[in-house]
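The following exercises are to be worked with the sequence and the model at hand. Each task is followed by a solution in steps.

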Amino acid sequence: MEWSWRSKLEALLGATIVTETDPAWRDAHAADGRDEPVRSGSRFRLPDGTIRLIVHADGEHVEYVDLEPGELTGREEALLEWLLAELERSGRAEDGRRQRPDREMRRLGEWIQEQIGAGRLKAAVPDELNAGGRLGSEWVPFLLMADHTAKANDAELEKLLQAYLEADVLLVPIRDQEWLILAPDELLREEGGEETPEELLEGIARGMHDMLASEWLGENHIAVAHPIEPASAVVETVHLLRETVALGRRFHQGDTVHVPWNIHLERLLHSIPEEQRIRFIEQAVSRSDLLLEPEIVTTLETFFAMNCNVSDTAKKLFIHRNTLLYRLDKLKQDTGLDVRLFRDAVLVKLILLLYKVTKRR
Amino acid sequence: MAGVRLEHVYKRYPGSDVASVKDFNLDIKDKEFLVLVGPSGCGKSTTLRMIAGLEEITEGKLYIGDRLVNDVAPKDRDIAMVFQSYALYPHMNVYQNMAFGLKLRKFKKSEIDKRVREAAKILDIEHLLDRKPKALSGGQRQRVALGRAIVREPQVFLMDEPLSNLDAKLRTQMRAEISKLAKRLETTVIYVTHDQIEAMTMGDRIVVMKDGVIQQADSPEVLYNHPINMFVAGFIGSPAMNFIKGGLYERDGAVHFKADGLDIELTEGKAAIVREKGYVNKEVILGVRPEDFHDEPVFLEASPKSIVSALAEVVENLGHEKNVYLAGLGTDTVIARLDGRSDVKEGANVKLAIDMNKIHLFDTETELNIFEN
């Protein structure tokens, strides 16, 4: 794809191509009486000595890179000037700019952020941001939040995602280190698939997390939702996915992939005021400190994850069934709660979740 | 292949006053199989993730080979990771899963094919190459995850509890296979686990961590026989080492350890050390491994100065050996591991001799091993 020569140029020069719309300095430059036109390949020396190399210029936009003086030899600068002028002449620079994915998507991201800020969650995407009408079809939305401080390159990220999903994706940068990824819903059309769409979506998100962690810049968090028509639902979906990541990080520390269909209870508990949470814990269990012991917490979390099945839990924990029964009996003796009973299991599950968001005394 | 060097590495998370990893110094040799082990929250995974580039290093230097990699992205560190979750790419078949990293790096198709098939052969998954992950068992998925790392031919393999999602039988099997694989590939492996058996059986060297600090880094044998402090002594070994609080005193030119229910005489060599270090007439903690109790008549006869008597509260018969839970030696329950042929009975008093050459004594305040420091 045409975009790649820009990435390569950036990598080669160790500098970012800056795009400015109708920059004031172009007029100042002309008014300055300089005879060099602002066009692809032309070079200027700025007052501080920086060399400004024009990558592309048209009536509206100017793209350039700034280089430190002495960074390139005169011959290298001349070579670049010639190369960029040739690209311009062959029309490839212009094509490349048209295909450049980030400009329109960045504007869409800014618009989404504005709508969320204004509480307009049901807002429909205006026509000029609708990616040529593509947002009217179904897409699978992923929200990616990077944990690292290294500056991400959108083009590189897009390339990785396209390779991973084996499809064209729309990459919408929303905030710093946060992207909405729209993937075609063909992803879910697995032949002979026995997995539910939720299992498949979570699996793809987990794979995406591991792939980005090792092939990109490091740790990240990903949330995924059911397919949507972004034109009408993108704002609401980004809001939901953001909330999902926030709740997932709070309630399930250590997990990096979060799905909205697994955190209904967490969402409800999060909305309860702190004071009431504390009162609930105090009233529900006499010796709540026992539910803070790591061994008990791991045992109970595994027990609930295994749908309260004693044999499966023991197997998962690599302990004898009788050891598990002993632990559960001891818990019953000390707290009065028998998690093998549905009523008590619900209470303990709620208490465990509340501990994660409640300031303990 | 390359070694890895960590120099005064710290990790502090924003908003936390306490460092998760503190002044971590370690030189991991080329082709070494190094295991980081410790209880949950000890900083072992954080350390591995810093080596991987998943976590930023707050302070200190990290070298892979001779290259300082603090600011190098994970993809450019020439490492391969196998995660606990080993999330395979569900929409790709096994071949595509293994080939993905190479495709990204623009390897030639023929080279990708060669590497994938070679790795599949090593891992015995050649017949699975066309299958999607959902059609694989847990063990097969784990092999694919390993395969994905192997094809990269990285300088260093990083593994974060890669066996913890497998059942006990498969875990034992994969443990041996990973060790074998590391030797065959002649590569550096850094392996994180909380399971001390995994650590003991796989590592050329083990680093025991607690609260973000290295407690001891040495071979499995040294860690087991010469633990530097009570934490290492208690963490390595299953059942764990018994600790009995008591005091040392001198009688008739010999040094004795005395606690509730026992009075045993130290060997001359050990007595000389405690005398020299001024521990006579002071409180210490005795450490005895369960297998250093003996009830064979010949041992009892040969060790009259280290015989103890206790109540066998519970006897667990494991066939080849018996774990006996004893009451009356110090304040806590003591576990002795006796030969399977022992006729010890539950509820009976039992006479046992302690192998005094193998005991440890710990300082009550510093918890350091008096014989090793």
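**Exercise 1. The contact between the chains**

How many residues does the contact take from chain A, and how many from chain B? Determine also which elements of chain A contribute to the side that touches chain B.

Solution. The model is a predicted one.
Step 1. Chain A supplies 25 residues to the contact and chain B supplies 22 residues.
Step 2. On the side of chain A that touches chain B, the elements giving two or more residues are α6 (154-165) and α7 (197-215) of chain A.
Step 3. Of these, α7(A) gives the most, with ten residues.
Step 4. By residue class, this side of chain A comprises eleven nonpolar, seven polar and seven charged residues.

**Exercise 2. The nonpolar cores**

Identify the residues with the most contacts inside the largest nonpolar core, and state which element gives the most to this core.

Solution. Step 1. The largest nonpolar core has 155 residues. Those with the most contacts inside it are A:Phe142, A:Leu143, A:Ile181, B:Leu158 and B:Ile190.
Step 2. The element that gives the most to this core is α7(A), with eight residues.
Step 3. Take B:Leu158 as a case: when its neighbours within four places in sequence are left aside, B:Leu158 is in contact with B:Leu48, B:Ile51, B:Ala52, B:Ile79, B:Met81 and B:Ile190.
Step 4. Another core, of 16 residues, lies apart from the largest one; A:Leu300, A:Phe303, A:Leu324 and A:Val348 are among its members.

**Exercise 3. Domains and a sheet of chain B**

Where do the domains of chain B begin and end? Establish the strand order of the open sheet of five strands in chain B, and explain why one side of each edge strand is left without a neighbour.

Solution. Step 1. Chain B divides into domain 1 (4-235) and domain 2 (242-363). The centres of the two domains, taken over C-alpha atoms, are separated by 39 Å.
Step 2. The open sheet of chain B runs in the order β13-β12-β11-β14-β20, with antiparallel pairing.
Step 3. Because β13 (262-265) and β20 (360-363) of chain B each have a single partner strand, they stand at the edges, and one side of each has no neighbour in the sheet.
Step 4. From one strand to the next, the twist averages 40 degrees.
Step 5. β14 (residues 283-288) of chain B pairs with β20(B) in the antiparallel sense over four bridges, and B:Val284 stands opposite B:Asp363 in β20(B).
Step 6. Helix α9 (residues 268-276) of chain B packs on the sheet and touches β11 (242-251), β12 (254-259) and β20 of chain B. The direction of α9 of chain B makes about 80 degrees with that of β12(B).

Definitions and conventions
Residues numbered from 1 in each chain as written. Chains lettered and ligands numbered in written order. Predicted model: local features only at pLDDT ≥ 70, side-chain atom pairs only at ≥ 80, totals over all residues. Domains from an automatic or database assignment. Contact = placed C-beta atoms within 7 Å. Nonpolar A, V, L, I, M, F, W, Y, C, P; charged D, E, K, R; others polar. Core = buried A, V, L, I, M, F, W, Y, C linked by C-beta atoms within 7 Å. Buried ≥ 20, exposed ≤ 12 C-beta atoms within 10 Å, placed from the backbone. Pairing = 2+ DSSP bridges. Axes fitted to C-alpha atoms, helices over the stretch in contact; angles between N-to-C directions.
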